[in-house]
Amino acid sequence: MPDRPPDQNRQASPAPPPEITTEPTWLIEATYAPDAAETRLPFRARHLARLGELIDAGVIVEVGAFADVSASILIVRAPDEAAALEIARGDIYMANGIWVELRARPFGRVVRSDAAGS
């Protein structure tokens, strides 16, 4: 018997629960300069204060850095890639060479819309 195309071998996936959806966001990877562990210190308080403001405003969903100080990850709400990158470009780390490269990718953030998950 000949093989069926792969899509005919799979069972239909059930629909996700109605309270689960995906929110279109952007994942930004901001690469640190090799000496960032030392050079970021004078700018860190202002950097963190701005991030806190953007979190409070709902622009940043999640943000943090790898423990090896190789890169930071930001998940941001923005209408497009240019707007997402502009959020990172406005950071004191970018202005002072602490972050040296930015990359943005569309990211589907899974969210729960019911009150129990909020």
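In this predicted model, strand β1, which covers residues 20-32, pairs with β4 in the antiparallel sense, and the pairing runs over 13 bridges. To pick out one spot along it, Ile28 has Ala104 in β4 as its bridge partner. On to the other pairings: β1 also pairs with β3, again antiparallel, over six bridges, and here Leu27 stands opposite Ile75 in β3. β3 in turn pairs with β2 in the antiparallel sense over five bridges, with Gly64 and Ile73 of β3 as bridge partners.

Put together, that gives an open sheet of four strands in the order β2-β3-β1-β4, with antiparallel pairing. The edges are taken by β2 (60-65) and β4 (99-112), each of which pairs on one side only. Neighbouring strands are turned by 15 degrees against each other on average, ignoring direction. β2 and β3 form a hairpin with five residues between them, and in the turn Val69 has a positive phi of about 55 degrees. β3 is mostly covered, with five of its six residues buried.

Now for the helices. Helix α3 (residues 44-56) packs on the sheet, where it touches β2, β3 (71-76) and β4, and its direction makes about 155 degrees with that of β2. Its length works out nicely: at 1.5 Å a residue, the 13 residues of α3 should span 18 Å, and this agrees with its end C-alpha atoms, which are 18 Å apart. Just after α3 comes Gly58, with a positive phi of about 80 degrees. Helix α4 (residues 81-89) lies across β1, β3 and β4, running at about 120 degrees to β4.

Which residues of α3 are buried? They are His47, Leu51 and Leu54. Seen down the axis of α3, these buried residues fall within an arc of 60 degrees, so they line one face of the helix. The general rule behind this is that an α-helix has 3.6 residues a turn, so residues three or four places apart point the same way. The buried residues of α3 pack against β2, β3, α4, α5 and β4. On the other side of α3, Ala45, Arg46, Glu53 and Asp56 are exposed.

What about the inside? The largest nonpolar core has 22 residues, and those that touch the most other members are Ile28, Tyr32, Leu74, Val76, Trp99 and Leu102. At least two residues of this core come from each of β1, α3, β3, α4, α5 (92-95) and β4. Trp99 is worth a look on its own: setting aside residues up to four places away in sequence, it touches Ala30, Thr31, Tyr32, His47, Ser72, Leu74, Ala88, Asp91, Tyr93 and Met94.

Back in strand β1, there is Thr25. Is Thr25 buried or exposed? Its relative accessibility is 2%, and buried means under 20%, so Thr25 counts as buried. Not counting neighbours within four places in sequence, Thr25 is in contact with Val61, Ile75, Val76, Arg77, Arg105, Pro106, Phe107 and Arg109.

Note on methods: Residues are numbered from 1 along each chain as its sequence is written. This is a predicted model: local features need pLDDT of at least 70, side-chain atom pairs count only at pLDDT 80 or more; totals for chains, interfaces and linings use all residues. Side-chain values use heavy atoms; hydrogens and water are left out. Two strands pair if DSSP finds at least two bridges between them. Axes are lines fitted to C-alpha atoms, for helices over the stretch in contact, and angles run from 0 to 180 degrees between N-to-C directions. Contact means heavy atoms within 4.5 Å. A nonpolar core is a set of buried Ala, Val, Leu, Ile, Met, Phe, Trp, Tyr and Cys residues joined through side-chain atoms within 4.5 Å. Buried means under 20% relative accessible area, exposed over 50%, partly exposed in between (1.4 Å probe, protein chains only). The expected span of a helix is 1.5 Å times one less than its number of residues. The arc is that of the directions from the helix axis to the C-beta atoms.
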